[in-house]
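Biologist: Got a minute to walk me through this one? I'd like the overall picture before we get to the details.

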Amino acid sequence: MCTLEQRGRVFVLTLTGDGEHRLGHALISSLRSAIASAAEAAAKAGPGAALVTVGEGRFFSNGLDIGWAGTSRARLGELVDALRPLAADLLALPMPTVAALTGHASAGGFLLALCHDYRIMRGDRGVLYMSEVDIGLPLPPYFGAVLRAKITSANALRDVALRGKKVKAAEGKEMGIVDAVYPSAAETAAEAFKFAEQLAARKWNGGVYASIRMSMFPEACRSVGIVEESDEEKRKHFASKL
Amino acid sequence: MATGNLCAVERRGRVHVITLTGAGEHRLGPALFSAIRSAVAALRAAPGDGAGAGALVLAAEGKFFCNGYDLAWARAGPSPADRISAMRAAFRALLADLLALPMPTVAAVTGHAAGSGCALALAHDAVVMRASRGFLYMSEVDAGIKVAGFVGELLREKVPDAVARRDLLMEGRKMTAAEASRRGIVDAAVDGEVEDVVAAAVAVAEDLAARGWDGETVAEIRKVTWPALWSKVNDYGGEAPARPRL
């Protein structure tokens, strides 16, 4: 389902196998475990870490396991609910995060990619696609909140959410969704890793980094269930640093 | 008029220029906050002389526009947490004063603007920045300091582009005027020395003052343009004379 390896200061989270990496209970659970392990290991190692998430094969992730859900609204609701804490884990992760988009990311898979701080994507193939409007599924509120937090061009947001646009890397870059584009999967993965190393080399305090990230997106954080830190707590932390 | 030795105020036509004086970092501690607030309050009291509301330019001497909070002052006290609280409250008050100021405001970023100094610059209606040296730098991530809610709000409203805001706040990017201007974070990058940047800011301010806007209207419109920030700071400052509301 997924593997976590540590290469120096960078944790590489790989969605394994040639399939669509559909987000069902098992994969979501594995991803959450792996992310928790990375956070734990980083806490022990001290400041300076980063996460790269990559999918093997043609897909980053093609979204929730709607095959398993079938016609059951209850099951679909379960999966939507199960993905939410994974989104929270990423938004609260005490290290910078990079999504290496070497394959398609749609619906819940696109959401996962958006929950990362940076997106590095291959330019030769692959799309980012919020497919819900095309398949007749509503966007859960937390999807909306994350989309609004990360895609701040109104037209880009409209195109992604309301028009089901299939966004290729180059266009994604113009829309402010993709940060860097590389010509092949291999280069994309390599450059994402290199970039993650550079971020880790900044030696940011993980807790502070996560706090600053959350102060950028308070609405999105609330929507995925993250409890906001108070200014009082931040002030105490500030005082302890002096 | 000089306020202590921390800032000087002068008139250039319709423009009121407040300059943070001296070659230092113009760190925001209680004394400098007080000096700036006094200078700003004096403008509220006598904003114009028949020629309309005028406009404000905030500038600085030396290598720095403003390098952030006065951490040395905070450290020196018996309770640093209380001193941080005092600085944050004073900053919120100054931001409220600027948001409620009955005239357009222009920041002349004549040198480095870091942390709360960067936020202070962005709190103005327009920002011109020196091209040849100086960075905008939200230093908090590198310094290991968390960002208070009202600062996050200020950045969300003034730097609405998620990518630009991420680079500034989460990547701790040191942005030159050229980059900041290209990305819409500042209005113009100005070549030359400190004095050239101030002159450019004064020119922008003069143009705004020449519109002859009613100052209280400018203030009220500003508050509804940046309502989230206003709501986070209006309990701390920005006293305005009572005015009938529409």
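Modeller: Sure, let's take the chains, then the charges, then a few odd spots. Keep in mind that this is a predicted model.

Biologist: How many helices and strands are in chain A?

Modeller: Chain A has 12 helices and 10 strands. Its radius of gyration is 17 Å, close to the 18 Å that the globule rule gives for 242 residues, so chain A is as compact as a globular protein of that length.

Biologist: And what does the C-alpha trace of chain A span along its principal axes?

Modeller: About 55 × 35 × 35 Å. As for burial, 54% of the 242 residues in chain A are buried. The accessible surface of chain A is about 10,000 Å², and carbon and sulfur atoms account for 52% of that.

Biologist: OK, switch to chain B. How many helices and strands there?

Modeller: Chain B has 11 helices and 11 strands. A compact globule of 246 residues would have a radius of gyration near 18 Å, and the 17 Å of chain B agrees with that. The C-alpha trace of chain B spans about 50 × 40 × 35 Å along its principal axes.

Biologist: What share of chain B counts as buried?

Modeller: 55% of its 246 residues. The accessible surface of chain B comes to about 9,400 Å², with 54% belonging to carbon and sulfur atoms.

Biologist: What about sequence separation in the contacts of chain B?

Modeller: Take the contacts in chain B between residues at least 6 apart in sequence: 73% of them join residues at least 24 apart. For chain A, the figure for such contacts is 73%.

Biologist: Now charges. How far apart are the mean positions of the positive and negative ones in chain A?

Modeller: 2 Å, for 29 positive and 26 negative charges. Chain B carries 28 positive and 28 negative side chains, and the centres of those two sets lie 4 Å apart.

Biologist: How many salt bridges does the whole structure have?

Modeller: The search finds 33 over all chains. One of them pairs B:R166 with A:D179, where the closest N and O atoms are 2.7 Å apart. B:R166 lies in helix α7 of chain B, while A:D179 lies in the loop between α8 and β10 of chain A, so the pair joins two chains.

Biologist: Is that pair buried or exposed?

Modeller: Both B:R166 and A:D179 are buried. B:R166 also forms a salt bridge with B:D167, with the closest N and O atoms 3.1 Å apart, and B:D167 is buried too.

Biologist: Which residues are linked with them in a network of salt bridges?

Modeller: The network links A:D179, B:R166, B:D167, B:E171, B:R173, B:E179 and B:R183.

Biologist: Back to the helix that holds B:R166. How many residues of α7(B) are buried?

Modeller: 8 of its 8 residues, so to speak "mostly covered". Among them are B:A162, B:V163, B:L168 and B:L169, along with the charged B:R165.

Biologist: Which salt bridge in chain A involves A:R222?

Modeller: A:R222 pairs with A:E228, and the closest N and O atoms are 2.8 Å apart. A:R222 counts as partly exposed, at 47% relative accessibility.

Biologist: Any charged residue that is buried without a partner? What about A:K234?

Modeller: A:K234 is buried yet has no salt bridge. The nearest side chain of opposite charge is A:D231, 4.4 Å away, and a salt bridge here needs the atoms within 4 Å. A:K234 is in helix α12 of chain A.

Biologist: What is A:K234 in contact with, leaving aside neighbours within four places in sequence?

Modeller: Its contacts include A:S211, A:S215 and A:E229 from chain A, and B:R88, B:K146 and B:V147 from chain B.

Biologist: Last topic, backbone. Which residues other than glycine have a positive phi?

Modeller: Two to look at are A:A107, with phi near 50°, and B:H26, with phi near 50°. A:A107 is in the loop between β6 and α4 of chain A, and B:H26 is in the loop between β3 and α1 of chain B.

Biologist: Are those two buried or exposed?

Modeller: A:A107 counts as buried at 10% relative accessibility, and B:H26 counts as buried at 8%.

Note on methods. Residues numbered from 1 in each chain as written. Chains lettered and ligands numbered in written order. Predicted model: local features only at pLDDT ≥ 70, side-chain atom pairs only at ≥ 80, totals over all residues. Heavy atoms only, no water. Helix = DSSP H or I, 4+ residues; strand = E, 2+ residues; numbered from the N terminus. Rg over C-alpha atoms; globule rule 2.2 N^0.38 Å. Buried < 20%, exposed > 50% of the residue type's maximum accessible area, 1.4 Å probe, protein only. Contact = heavy atoms within 4.5 Å. Areas by Shrake-Rupley, 256 points an atom, 1.4 Å probe, with all protein chains shown as cover. Lys, Arg positive; Asp, Glu negative; His and termini not counted. Charge placed at Lys NZ, Arg CZ, Asp CG, Glu CD.
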